[in-house]
Every structure is written in structure tokens, then in C-alpha cells.
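Here is a briefing on strand pairing and a chain contact. Keep the structure open while you read.

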Amino acid sequence: MFNEMYQSESVIRKHYNNINDWLDQMTSKVILEKNAEAESHFRNIGITFSTNNETARERIIPFDLIPRIFTYTEWLRLERGVIQRAKALNAFLADIYNQGEIIKANIIPKEIIYKKKSFEPSMFGFSPPRDIYSPIIGIDLVRTGPNEYFVLEDNCRTPSGVSYMLENREIMMRMFPDLFHNNRVTPIDDYPTRLLQTLMSLAPIKCENPEPVCVLLTPGPLNSAYYEHSFLSDQMGIEMVESTDLFVEGKYLYMKTVDGPKRVDVVYRRIDDDFLDPLCFNPQSVIGIPGIMDVYRTGGVNICSAPGAGIADDKAIYIYVPEMIKFYLGEQPILDNVETWNCEKEQELKYVLDNINELVVKEVDGSGGYGMLIGPKSSKSSIDEFKTKLSTNPKGYIAQPLLDLSFSPTLIKNQVEGRRVDLRPFCLIGEQAQLSSGGLTRVAMNEGSFVVNSSQGGGVKDTWVLAE
Amino acid sequence: MLSRTAEYLYWISRYMERAETTARLLDVGYRMSLFPNPSGYNNEWESVLSAAGAIEGYKNKYDTIEQKNVEDYLFFDESNPSSVYNCILNARNNALVVRTSFTPESWLAINKTYQEILNLKEKKFTKSDLPDLTEWTIEQVNLFRGSLNSLLRNDGYNFLFLGLFIERADNSARLLDVKYFVLLPKPQYVGGNIDNMQWSILLRSLSSFRAFRWAYDGNITATKIADFLVLNNNCPRSLSFCIQNIVKHLTNLTCSPAKVGRIYDNLKDLNTKIQEEKIETIVEYGLHQFVTQFIRKISSVDNEIHKEFFN
């Protein structure tokens, strides 16, 4: 078991000394006050989310006051590892939508790729600007030891959570300015600027504008990440549009403004492939912009991330990412994958069924911590239920060992207790590749829990990277 | 600016203005209910309901007109589209979409208001709370308006204020109408004590009582008050003040001069007429007729704004 703050029961890791002093001098009264302040701040700015269970009132994610800290050296390694992975994933996408070298080299079987729903045939033979398919990648990491990090999953479509990263820092700086005087915390507030630069560096070939017009495309206020959409477009100073605001004419994309039509060069879309273009994807879709794919393919607009980019973060493809890194970059992977059994394969399914008590079983298309089984923590009846599911639909599942996620000190009813955490840093790839100096730390607020998802009682923390 | 953004901004200030009017109307009813109710007068709560345009909806829901129910219907009821609750909810939902188009303070003002009214709604209220609720609403709306001060003076700003003055023009006209036509149907009461008392309540509810005292010497008369609320350009709720501001914010728009021109052409006559008219002429012609025509005109301007800019 690894604790982020304590080296042993009595020894504090050096980079947590300041935080420890700060915690010591904080009274219960102050903690209560600051918790209330944070909660009312998040409610007032409207950083709320909705879950599958509809309740009358929007929920806010519990925010823990104790930051999670990385030293400069620790972060350097993560930074190199994440960027390496993000580059390999983009190289993979460029490859499978063109020559398919990795298939010819017998590294990944072609059925795994071409039969997936997230593979997009209409992208065949088309190369987006700079060959970047997925310019914003969120990598979910867990830590199990001083130098042991594992990648749980890659998010290549439209990773969310970056607004929490920024707002968590904002509220910490507001409530505890002294903490930031006494610790050298690398700032993160330039993320939106870097995101905009990344998007502008991916202008389509037919764009003549030296400052390409970018928009953020949102499904609308009912989407659970809507706050983030408006936050990012605000911070970048670009329009947040819904698909009804856009239309295609000639070979270009326009938005409807009070001055009349205005041309759009780059669409940072936060909607799924299926809802992009009813002419190309889902003809039943009432949302979407008819003809946008044609404009895209003829270089009139860029869509970020590219349609079909989702194949790269498929749970079946995940298994091959270390191979990709070797194949495309000729490097050794810096970050490890979690050992994963693909239940589609008969032998591996057998292993999973035999050892299910020790394993975590996940739906291939699941997310948000729904539809998963944590073997060591589950009742016999739910294990049996999963066994049946596995036998009837093996393709739909993968299994992994239960990782001993690191503990981070967390305030529970005014007491400092250890709770498990993960980390999602955000990688940007355009003209250059860069990683946010921090990320979103999610914490499983329930004692003993391994599930950090906000929909399942997870909270968040500010994440610090100390300057050199 | 996106057409949809312009439309949402326009409606945010309409809803906020309407929330204030509904709260002020409740205050009118509340003050009047504290005075003895002589026979021959309409029930003051019924007048309040008709001024709020809510009489039909109310009667579908309740059999009798009672203060408690009227208060609940006008303040909290989700089935009444003009209830203060719904106005704030709608303003907030619109603001959620266009929060990037105005200042963080404006969003905060609206969202805090929304969070608080959720709490108020859960607790409901007792009879004596009504003045507090009115005061609270006016405070919240003022907070929102104040936050607009730091806005960039661009088209978004002008759409916000177009919405505000279109709504206010309509609301002021309706308030005037309720006093003149609904509250006091019997001509023999005109000029009597009760009549004057009602006029001053109306003024107070528009927070214009002292302003009126400054603007006019001597006795409070119906004609003076009508002059004040219809033609006086110094009164921020008068019809002429609203029209002036609609023209101002319309012609300040930098987008599409052709569209602006078309709407202005339709508005020009009304503006000229109201600037030159004498109150005696209007009273002679019939204040009620005048006000009804005015409301119709404002509604047609509103239609044109939608047609030209928001489609």
C-alpha cells in the first residue's frame, strides 16, 4: 500500500511537510467554514453535474481541501510518459486510416480494428491537418508505489474534467493564498490559451485566415459536461455553438450570427461521432450538421477530435498501446499498462472465470464506474451474475487485476484519513505536444472504496506540481 | 454574435424585468389588502391577477380568489409562466447557455438568485413574508442590472437592454391599465379619497412616489400621474422613456443596419407621437384605448426583432 503523504506511520514525505504544518494549525471550525465556502462557490458558479439518477437539484462534486502533490522529478517522468502515449495513439490512428502498417506487421489483428463500431470507414484515405486525429487526450493513471504508475485507460474522443482541474486551483488560491506563497506550485491557468493555440494550429488547408475561427460544439445544456463547455469557450474567447447554429453552404461551414453567416475553420466538438452529420452517420439524428463531413473531407473545416478517433481508446485496443509505442516511436513505454484479459479470447475468458474473485471485470463500452464488478469486494450473487454475463457475451468484457490504488490524505468529518486516488492529466497535441502541469485528481470518498467516479461517490482534489 | 446568443440575452432581461413587475404587483395587492374594502370595488387580488395576465390560469386552478393562493400562484407556481419562480428559472436557463456572453458577475447574480429561490420555494412562506419576498426580488433584479455595468458596450449589451425596455414598456402600460380600467370601474369614484390612495400605492409600487413628488407640485391628481407614467421622459418607467431607450439601443446595434432600419421605421411614428402628445389629449381620447394600442405596438416591435435578428 502506497500513501502519497506518509512514508511510514511517523514519517512525512518531504514535499508534504508544508501541507502537514498547515493541516496541524487548522481548527475544525476553519475546516467547516472552508468546506462550506467551497461548496457555495461551486454551486454559485454552476459547476454541477447530472448523473443517470435524475434528481431535482443539480449535484456538485465533493471537493477535498488537501491538495495532492507531485514533485518536479515525479512529474517529469509522467509528462514524458503521457506525451509518448499520446503521440503513439495519434500515429496509430494515422496508420489504420491509411496504410495499416501495424496490421501488416502482425502486431494488431485486423478484425479487432475494422469490426469495431468506433472505427469510422468514411475516414479511410483522409488525413486531417498535421495528421493529428486526437489533439486533446486525457490519460487515466493510478499509482501503486513510489515509481509505479499504471495507465487505466486513454480518452481520445472528448475527455472532460479539465474545468475541475482549473476551478479546483482557483478556489484553493482564493481560500488559502498563504499556501501558494509558501509552496512553489506550477501554475495551470494557461491551459485554455494553450488549448486555443493547439486548435488554431490545426486549421484546415483551405483556411486563409491567419487567425482561424474556432468554435466549441456542445450538445446543449442537458449534457453533464455543459459547464465545462461554456467554461472553456469563455476562457478561450470563442463561440460555444449548438448544431442548429451551424450550416453548410458551398464547401464551407458557417455559423448564424446577427450580422449574417460567419465562416468557421475549426470545430472543437464535444458531441459524439453519431451526432455530427446525419447525412454520414446516424440518419435518424435530429441534431447534427448535414454536410459537415463533406466540408471536412474537402479541407473546408477541421473537426477536433477527428471522427473515428474513438477507436484508439477502445478497451480492446488499449492492450496494444505498449506495442504501438515500440512500433511507431521506436521507444520503450515509460508508463505501464495494467495486465488485461480480453474475454473475447477463449483461454483468457477461462482464466477470468476461474479467478473472478480476484479480478475487476469491466464492460468494454462502459464508463462512469457503471457496469463493473470488483471481485474481491463483491457478494457471491453479483459474482454469479457477472459469470453469466461473461459466458453469454464474452466480447463485451475485459478483466484486470485489482490494483492497490495509492492513498491520499483526505478530510473526512474533520479528520484526516487515507482515501484512494487516481489522476487524469490532459495532453495537447497540435504544432507541439504538451502536458498540463497538473491534472484532475479524483478521490474515492468512501472508506475502502476503489471507485473514484463522481457518479459513485467520488470527489476531487487540487493537484500540485512543484516547480523545480 | 450568434443569433441564438442575441435571443437568449434579450430574453434574460425580459424575464428579470418581468420577475420584478410580478413582485411589485404582489406588493400593490398586499398594500391594498391592508385597507378596508368598500363595496363597489373589485377585489384587489383579482385586479392584480388580471394585471399580471394570470387570471385565466389562476381560475383554472382555484375556485376562489384568496390572498394566500394568489401569492403562491404569482410567486412560486410552476404552472404559471409569469410567476417570479418561472421568470428566474427561465432567465437562469438562458444564462446557462450564454454565460460566456456576459460578465461572470451577471451569471453569478442570476445563479445565486436561482439557488436562493429554490430554498425559498422549499420553505414556502407565511403571510407576513410577502413584503420580504417582494423586497428580495427587487434586490436580486437590481443586483443583476448592476452587474451589467461592467459589460462591453457591444451588440450583446444592446440586446440585453432592448429586452429590458420592451418588457418594461409592456409592463408599465399594463400597470397603468390595471389602475385606470380594472381597479376603478365606476366613474363617480374618480378623484375621491380611495382613488388617490390607489394612485399613490401604484406610485409606491413603482418606487416612483418620491420621484413624482419631486417632479410635480401640489395635489396628486390622476392627470398628473398619467402624465408622469406616460409622457415624462425623466421617469424611468414611463412609456415615453421606454420608447426612447428602445430606439437608442436599437440604433446602437452595429450589426445589419438594414434590419435596424426596418424595425426603426415601424417604431418612428409611435416615438414621435409620444414625444409631442399632451396628456389632456390622451385622457380625452381615453387612456385605456391609448394604452391598449401601445401594448399592441410594442408586441409588433418585439415580433420584428425576433424575425430580423433571431431567426
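**Strands and contact in brief**

Strands β6(A) and β7(A) pair antiparallel, over 4 bridges. The model is predicted. The points below start with this pairing, move to other strands of chain A, and end with the contact between chains.

**The β6-β7-β8 sheet**
- Within the β6-β7 pairing, A:Leu246 sits opposite A:Met255 of β7(A).
- The two strands belong to an open sheet of 3 strands in chain A, ordered β6-β7-β8 and paired antiparallel.
- Its edge strands are β6 (246-249) and β8 (260-263) of chain A, each of which pairs on one side only.
- On average, neighbouring strands of this sheet are turned by 45° against each other, with direction ignored.
- As a rule, side chains in a regular strand alternate between the two faces of the sheet.

**Pairings of β15**
- Strand β15 (residues 397-401) of chain A runs antiparallel to β12 (residues 341-342) of chain A, and 2 bridges join them.
- Here A:Trp341 stands opposite A:Ala399 of β15(A).
- Strand β13 (residues 359-363) of chain A also pairs with β15(A), in the antiparallel sense and over 5 bridges.
- In that pairing, A:Val360 faces A:Gln400 of β15(A).

**Contact between chains A and B**
- Chain A gives 18 residues to the contact, and chain B gives 19 residues.
- On the chain A side, the elements that give two or more residues are α2 (28-45), α9 (226-236), β5 (239-241) and β7 (252-257).
- The chain A residues that touch chain B comprise 5 nonpolar, 6 polar and 7 charged.
- Strand β7 of chain A thus appears in two places: in the 3-stranded sheet and on the side that touches chain B.

How values were computed: Residues numbered from 1 in each chain as written. Chains lettered and ligands numbered in written order. Predicted model: local features only at pLDDT ≥ 70, side-chain atom pairs only at ≥ 80, totals over all residues. Contact = placed C-beta atoms within 7 Å. Nonpolar A, V, L, I, M, F, W, Y, C, P; charged D, E, K, R; others polar. Pairing = 2+ DSSP bridges. Axes fitted to C-alpha atoms, helices over the stretch in contact; angles between N-to-C directions.
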